Structures are given as structure tokens and as C-alpha cells.
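The following note is offered to a colleague who is new to this structure. It is arranged as numbered points, to be read beside the model.

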Amino acid sequence: MNQAPIDAHEPWMRGLHADTGYLLYRLGLRSGQLFNACLQESGLRLRHYAVLRFLATSDGTLQRELSARLGYDPSAIVGLVDDLEKLGFAERRPSPDDRRSRIVVLTESGRAFLRDTDEAGQRVTGELLGPLDPAERETLHALLLRIAEDGLN
């Protein structure tokens, strides 16, 4: 059975690095690896850090809102908040709007942890974006933010 030769110029024959989605995926994995290595000493992972960063922007958040906003499974949020509570970085409190609900609040220790790790986080981002000049970094951030605001909400 004779088969026609494969034409490498067909659109479906592009290399992996020609696929923007794949590049974003790979860079996301690399970013996670770098952040997790940076956080390793603290016993936390990037998912914990993301919860803390989100809590730093609010006066308290329902766990289901954390799940929706961060894109994590609700059962994962429970475990992450449990871990953060054990470290004293977050606490559950009764919701001022509904006493049957509990909100998650960043503690002063959690704020201090974010302050202490901010520089390390900046270094990780700097390493990841090393090939880009400052203007390109700003442009990339603006483009990613635009995509995230449209596609992640």
C-alpha cells in the first residue's frame, strides 16, 4: 500500500512550539516548578501562595468564592485553607453577612509571609522572563491580563 509522503508544511504538522496554547502550558508548568522550589522551605506550594495572595485583596472570602476565583476544586480549597490555618496564615471566621457561613481571612502572620516571600517571587518571575526586556515584560503582562480577564472569569 503506497502512502503519500507527509507534507511538513500542512497546518496540522506544526511543531509543538508553534502552538501558543502548548507554550503557555509549558511555561505555566515551569513557573509552578520555580515557585514551588522557592516556597519549598516554608512547606507551602504555589496553590497555597495563590490563596494567600487572593486573600490579601479582600477582607474575607467564602471558600466557594476562593474555589471559583482561583479555579481550584472546592475540596482542594478546604485542604489548602486547613494547611494555612495550621500555620497561622489564615483563619475561618463567621461571615458578617450570614452567620451560618464562614469566611477565610488572611492573618497578620499571613501578611508577613507574603511580605517576606514577595522578593523571591519577583526573582522567580525575573528568571522566567529573563529573555525579555522590561517593555516586552509589560506588554506580555498586559496581554496575559487581557486574556485572563476575558477567559478566566
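1. Which residue of β3 does L62 stand opposite? The residue is I103. The model under discussion is a predicted one, and the points below should be read accordingly.

2. The pairing of strands may be taken next. Strand β1, residues 61-62, pairs with β3 in the antiparallel sense over two bridges. β2 and β3 also run antiparallel, and five bridges join them. Within this second pairing, P94 is found opposite R102. β3 is mostly covered, since four of its five residues are buried.

3. The loop between β2 (90-94) and β3 contains S95. Is S95 buried or exposed? Its relative accessibility is 5%, so S95 counts as buried, the limit being under 20%. Apart from residues up to four places away in sequence, S95 touches S101, R102 and I103. R102, the residue opposite P94, is thus also among the contacts of S95.

4. Helix α5 covers residues 108-128. Why does a distance of 30 Å between its end C-alpha atoms agree with expectation? At 1.5 Å a residue, the 21 residues of α5 should span 30 Å, and therefore the two values agree. The helix nevertheless has a kink of about 40°, centred on T117.

5. T117 is also one of the buried residues of α5, together with G110, F113, L114, A120, G121 and V124. An α-helix has 3.6 residues a turn, so residues three or four places apart point the same way. The elements that cover the buried residues of α5 include α1 (20-39), α2 (46-55) and β3 (102-106).

6. The largest nonpolar core comprises 22 residues. Those with the most contacts inside this core are V51, L52, L55, L66, I77, L84 and F113. At least two residues of the core are supplied by each of α1, α2, α4 (74-86), β3 and α5. Which element gives the largest share? That element is α2, with five residues.

7. I77, named above among the core residues with the most contacts, deserves a separate remark. When neighbours within four places in sequence are left aside, I77 is in contact with V51, Q63, L66, S67 and Y72. Of these partners, V51 and L66 are likewise listed among the core residues with the most contacts.

8. The structure holds three aromatic pairs, and two of them are described here. The ring centres of F35 and Y49 are 5.9 Å apart and the planes lie at 35°, so this pair is tilted. F35 belongs to helix α1 and Y49 to helix α2, so the pair ties together parts that are 14 residues apart in sequence. Both rings belong to buried residues: F35 counts as such because its relative accessibility is 12%, and Y49 because its value is 6%.

9. The other pair to be described is that of F89 and F113. Their ring centres are 4.9 Å apart with planes at 25°, so the pair is stacked. F89 lies in the loop between α4 and β2 and F113 in helix α5, so that distant parts of the chain, 24 residues apart, are linked. F89 counts as buried at 13% relative accessibility, and F113 is buried with a relative accessible area of 10%. F113 therefore appears in this pair, among the buried residues of α5 and among the core residues with the most contacts.

Terms used. Residues numbered from 1 in each chain as written. Predicted model: local features only at pLDDT ≥ 70, side-chain atom pairs only at ≥ 80, totals over all residues. Heavy atoms only, no water. Expected span 1.5 Å × (residues − 1). Bend = angle between axes of the 7 residues up to and from the residue. Buried < 20%, exposed > 50% of the residue type's maximum accessible area, 1.4 Å probe, protein only. Contact = heavy atoms within 4.5 Å. Core = buried A, V, L, I, M, F, W, Y, C linked by side-chain atoms within 4.5 Å. Pairing = 2+ DSSP bridges. Phe/Tyr/Trp six-rings, centres within 6.5 Å; stacked < 30°, edge-to-face > 60°.
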